[in-house]
Amino acid sequence: MRLGRHGRGPVIDAVEVSTYVIPTDAPESDGTLEWDRTTLVVVEIGAGDVRGLGYTYAAAAAAGLVREVLAKRVLGGDVFAIPALAAGMLESVRNLGRSGIAATAISAVDVALWDAKARLLALPLAALLGLARPGVPVYGSGGFTSYPIDRLQAQLGGWVEQGMTLVKMKVGRDAAADPDRVRAVRRAVGDRAQLFVDANGAYSRKQALALADRFAAADVDVRWFEEPVSSDDLEGLRLIRDRAPSGMDVAAGEYGYDPFYFARMLEAGAVDVLQADATRCGGVSGFLAAHALCDARGLPLSAHCAPALHAHLGCALGRVRHVEYFHDHQRIERMLFDGATVPRDGLLAPDLDRPGLGLELKRADAAKFAA
């Protein structure tokens, strides 16, 4: 085994990337977007006797960036020297822009590096980071604005039947209809679950304030209002947070690509709960940075989507309140990755008998979606 420059870990001798486009099981929409497919970019890193796996949900352009730019910065590097490799990747995209596609590409490579390191040490990623708990709470997430009421009720009610005590639906497509849609879901889940809503930034400030009051009514009792206004409107988020009914958390942050974004949001007092997504914010390394910012302020962090990855981070990091068990992503991860676990009694736990993320790409199953 050839060791890296620092003599600590094996040299990275391969970086491979593949792209898959998976149709949704029905047309989907939220307050601001519509879609019928999801793109998954998978990065695999060879080092010593292992292959580390990382991934992101992004455009296929992220795969091109990995091949053409990032691979050159990690090949030949010490797989254990992740901070140095991460710094090199950031340097390589200076003239391309750190956010957006570049951040998602870096995230996938970073996750693959951490997976490779954990595999080489024969540890699950959660144990490598240090376990804080055996399982992390999840909330069932979907409830798309494109769903008719019966499907909306069946999906969220079904999660409650599976033992989840937290569920989230989309709002914002039709502000006038939203209170009735939310009330219909409350009837379906009863008092067995906390109900969350996500507007994806669709409302104006005044709309969001008025709807916060309606969503907090006793017959609805919404406890989480995600992106009531655009996450770029930090003053608006702070306004909603300050004036929202008692017991209703305001959350945002899923579009954060770097620690500076999260720091600005927290310094503005814009949220009760910060969200971060390791497939966007710089991988495991970036998620650790977001967690440190929350820890310094005594605020909770919520993991956005990609449950197979965030199960490890949620079990290792004490400020993580819960992981979003997003309908599309859990479906894709169970279809294409061997080792993706499912929640039990509202908790998601990684398989601690498997090293790294515990995931293996089902190549034959994935091939039909290859782009």
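In what order do the 3 strands of the open sheet follow one another, and is their pairing parallel or antiparallel? In this predicted model, the order is β1-β2-β3, and the strands pair in the antiparallel sense. The edges of the sheet are taken by β1 (12-29) and β3 (50-57); each has a single partner strand, so one side of each is left without a neighbour in the sheet. On average, and with direction ignored, neighbouring strands here are turned by 20° against each other.

A look at the pairing of β1 with β2 adds some detail. These two strands are joined in the antiparallel sense over 13 bridges. One handy pair to find in the structure is V15 and its bridge partner in β2, I45. The sheet also carries a helix: α3 packs on it and touches β1, β2 and β3. The direction of α3 makes about 150° with that of β3.

Both β2 and α3 turn up again at the largest pocket, where each gives two or more residues to the lining. The other elements that do so are β5 (166-170), β11 (320-326) and α12 (327-336), while β2 (34-47) gives the most, with 5 residues. The pocket has a volume of about 650 Å³ and is lined by 31 residues. For readers wishing to find its centre, the residues that lie nearest are L33, Y57, Y255, R280 and H329. By residue class, the lining divides into 12 charged, 10 nonpolar and 9 polar residues.

How values were computed
Residues are numbered from 1 along each chain as its sequence is written. This is a predicted model: local features need pLDDT of at least 70, side-chain atom pairs count only at pLDDT 80 or more; totals for chains, interfaces and linings use all residues. Side-chain values use heavy atoms; hydrogens and water are left out. On a 1 Å grid over the protein atoms alone, a cavity is a set of points where a 1.4 Å probe fits but cannot get out, and a pocket is an open set with protein on both sides within 12 Å along at least five of seven lines; lining residues have an atom within 4 Å of a point. Grid points are joined across faces, edges and corners, and a volume is the space filled by probe spheres set on the points. Helices (H or I, at least four residues) and strands (E, at least two) are DSSP runs, numbered from the N terminus. Ala, Val, Leu, Ile, Met, Phe, Trp, Tyr, Cys and Pro count as nonpolar, Asp, Glu, Lys and Arg as charged, and the others, Gly among them, as polar. Two strands pair if DSSP finds at least two bridges between them. Axes are lines fitted to C-alpha atoms, for helices over the stretch in contact, and angles run from 0 to 180 degrees between N-to-C directions. Contact means heavy atoms within 4.5 Å.
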